[in-house]
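Reader: I'd like to talk through the cavities, pockets and charged pairs in this one. Can you put it up first?

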Amino acid sequence: MLIQESPDRPDYANEAVFRRNCLPHRTYFIPETAVLLNGQWDFHYASTPLEAPEPEATPDWQPITVPGHWQLQGWGHPHYTNVQYPIPVCPPHVPTENPTGTYRRSFHVPPAWDAKSQLVLRFDGVDSAYHVFVNGQLVGYAQGARNAAEYDVTDFVRRDAPNEVLVRVYQWSDGSYIEDQDQWYLSGIFRDVHLLAFPTDCRIRDWFARTDLDAEYRDAELLVDVDVTATAAGKLKLSLQELPKNGGGAVGETEVDVAAGAAGAASVKVKLAVANPAKWTAETPHLYRATLTLTSGPSTYTIHQTVGFRKVELKNGLMCVNGRAIQLHGTNRHEHHPRLGRAVPLDYIRRDLVLMKEHNINALRCSHYPPHPRLFDLADELGLWVMDEADLECHGFYDTIARPLDIPEEMDYEERKKLTFPQCAKFTSDNPTWTAAYVDRMESMVVRDRNHTSIISWSLGNEAFYGRNHKAMYEYAKRVDPGRLVHYEGDVHAESADMFSYMYPPIERLVKLVKTEGVAADGTFEKPVVLCEYAHAMGNGPGWLEDYQQAFRDHPRLQGGFIWEWANHGIWKDEGGGQAFYGYGGDFDDFPNDGTFVMDGLCFSNHTPTPGLTELKKAIQPLGLSVAGGKLLVENYYGFVDLSHLVATYKVEEFGSETVLVDSGELPLPTIKAGEKAEIALPVSAGHRGDGETTLTVSFRQRSGTAWCDASHEIAWHQAQLAAPKAAPALASRPQLASTKAETKGSVLAISGGDWSLTFDRARGYVTSWVSGGNTLLSADPATGAALMPGFWRPPTDNDYPISLPYWKRFGVDVLTSQLRAFSVTESGDSTVVEARTYISPPIVAWGWEATSTYTVSAVGNLSVDVKLAPTGTAPTHVPRVGLNLYAPRSLDNVRWHGLGPGESYPDKAGAQRVGIWAAGVADLHTPYEHPQEGGNRMGTRWVELMHEDGHRGGLRARGDGPFSFVARRYADANVEEARHPCDLAEVDATLVRLDAKVAGVGTAACGPGVREDLLVKVDELSFRFELERVGA
């Protein structure tokens, strides 16, 4: 065999060559006769293929770990792009500088293996293309980085002596043009390598097990197509058992005759009727064990396959399983490990899927390629609706076409598509020379994964425009597997897809599409609508979750979707000297790159939950809960099960200065079938009325443990206010002094009384210090000179960068200055009132706030701040926040508050937080976003205390004239905005506090709708009040 099939082009730059001398695709199955070749290999790195060593060469080999990526083991560097290609665009050609990794290791054939067996080398994932040599001879070639390939090496291997396998891997191939997924470019052998042995006289080579249900979705058939090799006449037996955990009992069996044949495979069909089996759903993942036993002469061969009974179909225009429409509460998941890249260990994958289930996620889109093959074993077991996606994306052709046309990103997306997509498709998707390569990627996925019950739909890829090659992929899938649905978002009219699919539409547009796209004049439709990507979870976000859920509930045709995405893709980088972080685009000298766009997950890069995942769990909880008229209304959002697996408990609490548990217990839970609702009487204690705020919290928890959670795991909860407080919590009493004392010296106004004092800057009109009992409560911020002043700015979030941040900066909201217009002092015996009229405005432009700040200092040393704001000039329509900035000493480290907690909350991201009295250190209030940004806001605050860390020197308490927001942290706004990574943050020697009357939502504008209009902080006339009180000591 020659090193390249065509004399004109190398295999890796020829779209017609993607598999040479490979065995046919088959289902994933590793027999007992297998040697895992993972571990340490020899490695050589060359900058171009012609510099790679030949099999007989003896270069300077270095050790490398397989599976793994060479960029994460000391050769080359990771490279991140989202859309744009990092190489010149001239398919199928690739750069001359094409890093080539040559892998080598020795192996032995176990002597116990049958000498007549077929020997097969299997590679489950190699990025991006590779030639395989055994004992110096070329065996074959493959590409399709996330697809498996097998080679018959029987004639190349020495059974009684050492053997050498050499794999030459190319970083760039023509396949790279259709593997332009939003992820790191990482090369090498990153999945398992096996040496397998198969008998040649009696073997089950491949099989396809599928189930069908009768018209009542009660009784079933198990149908299996089996490819067998049988050199003598025999039998094929199919038996079905319960899994051991379910008792292991026999369900049924059948057998068929197998005729004698040549060494080649023959197809045999076997069918087993099963009376009313337990049905598999994502809510009830009941599996059976199917066993196929082939006998041929004296030989036998057995395989086992888990099977779930379910039927997937379009019914009345809806995606149905077992006759019922389903709702997808899903997420997109890339293969990612922060140190290993896409070489993800199986226990790490299981941890991902368990975490999904724990957070009420019921669906998984394998974006944008088939994952590790054993992921589906876990999905079958745990219960997830899975969309398996072909290894196909060529989004980069968009920039290839759009940049020369200078099409602005601000243009409507649908208009941009009209201008570019047809031309983009001509490169590969609508190019007949690429058809075979496209269909091969579909075939590889379908054949490998089709025996998994959890997979209910195939996807033709992602963001690859639309053309004839997608139609060919669809036709293949429907021909070989008509029992599953097919998805492809790029097929906007669902010509060769079984559903309409959209990404990131605003709610209003989404609802319009649901009502009109593919809808006949009589209102009927043949296909549902799903969101393959929505609620982009980048940084401090996503907002809009409850709005989307309401749309899903209001429009049954809209059958849910998949959040983008599961986890940040940060790669751990340690630069020494304390500079260690999860890196993103540009951190590895990778240019061009798309920066932080790879940090857009519901989990941090170590796959622990962000606040966004906590918020999602609440938004998609499978129960609708509300309290009215002394009743708890419970609506069952599950699609298949009642609520008998849950236990409902309640607690009634009264909040004053402390939390008082009034009552708690278990609520009787009636039978509530899927899709139904019921009322439950509240306990008598729900009528409790004390002096403080009274709330009812109801929690629904697992009655018993499952494969993914322990007993008592919380599934859903609801909190309702039963009674507002009669009065604010009382403070520790202080002796009332006769009067305050005000003294003026130059520009300083000092107000004092007993053991406290406040100072004001008469020239600028703000508070500069507050001392209580010899301990500082507030001091002057070195940046502004103020200890307390109105504030409107905060660090940006990732969602602010595309639209809001440049808008705010255009109006100078980040550089506001203050001019004093009037300053007056009024003493009235037991208090002193200071009024400062200021004009708060930025340089350059002509707008600002006319602010009147009224400070009332009481005789006991407490401070009330009333602020009235009136905008003037050509002002922006909205700002990030409106409130006060306070500069407190670092020693005020112990924070306690009554309000939403324990985590952060924003107007469109507050559902997961509960009203309570919470406590934390300032450091614990910080959300450690891997790209530093705004975070740590707590909404719905009734009062907040900041106390000295020693617990003996008191502190201050703040209240508003209604619920307010607060932030307490150690990092200055500018530092947060400028920092690329958490290690770039520098703590100030202070506690920086924000008390806000209004804060903006977070939205999803990094990729999707911005903040909902009513959740913006509008620049209107506004007044607010805060009372600051000395506490303790």
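Reader: How many cavities of 30 Å³ or more does the structure hold?

Author: This is a predicted model, where local features need pLDDT of at least 70, side-chain atom pairs count only at pLDDT 80 or more, and totals for chains, interfaces and linings use all residues. Residues are numbered from 1 along each chain as its sequence is written, and side-chain values use heavy atoms, with hydrogens and water left out. A cavity is a set of points, on a 1 Å grid over the protein atoms alone, where a 1.4 Å probe fits but cannot get out; points are joined across faces, edges and corners, and a volume is the space filled by probe spheres set on them. With the 30 Å³ floor, the count is twelve.

Reader: Which strand gives the most to the lining of the largest cavity?

Author: That cavity has a volume of about 110 Å³. Its lining, meaning residues with an atom within 4 Å of a point, has 14 members, and the closest to the centre are Asp-127, Arg-146, Glu-179, Tyr-185 and Arg-342. Strands (E, at least two residues) and helices (H or I, at least four) are DSSP runs numbered from the N terminus. With three residues, spanning 183-185 as an element, the top contributor is strand E13.

Reader: Which residues are joined into one network by salt bridges that share partners?

Author: A salt bridge here is a side-chain nitrogen of Lys or Arg within 4 Å of a carboxyl oxygen of Asp or Glu, and the whole structure has 68 of them. Bridges with shared partners make one network of Asp-127, Arg-146, Glu-179, Arg-342, Asp-391 and Arg-441.

Reader: How many residues apart in sequence are the parts that Arg-450 and Asp-206 tie together?

Author: Their side chains meet in a salt bridge at 3.3 Å, N to O. Both Arg-450 and Asp-206 are buried, which means under 20% relative accessible area (exposed is over 50%, partly exposed in between; 1.4 Å probe, protein chains only). Arg-450 sits in the loop between helix H5 (435-449) and strand E29 (455-459), and Asp-206 in strand E16 (residues 202-213), so the separation comes to 244 residues.

Reader: Is Asp-498, the partner of Lys-478, buried or exposed?

Author: Lys-478 and Asp-498 form a salt bridge at 2.8 Å, N to O. Lys-478 is in helix H6 (residues 468-480) and Asp-498 in the loop between strand E30 (485-487) and strand E31 (500-503), so the pair ties together parts 20 residues apart in sequence. Lys-478 is partly exposed, at 22% relative accessible area. For Asp-498 the relative accessibility is 6%, so the label is buried.

Reader: Which helix gives the most to the lining of the second largest pocket?

Author: A pocket is an open set of grid points with protein on both sides within 12 Å along at least five of seven lines, and this one has a volume of about 1200 Å³. Of its 47 lining residues, the closest to the centre are Glu-283, Tyr-637, Tyr-638, Gly-639 and Phe-640. Strand E25 (324-325), helix H2 (375-382), helix H8 (545-554) and strand E37 (631-636) each supply at least two residues. With three residues, the biggest giver is H8.

Reader: How many disulfides does the count come to?

Author: The rule asks for a pair of cysteine sulfur atoms within 2.5 Å. Take Cys-603, which is buried at 0% relative accessible area: the closest cysteine sulfur, in Cys-366, is 16 Å away, so that is too far for a bond. The count comes to zero.
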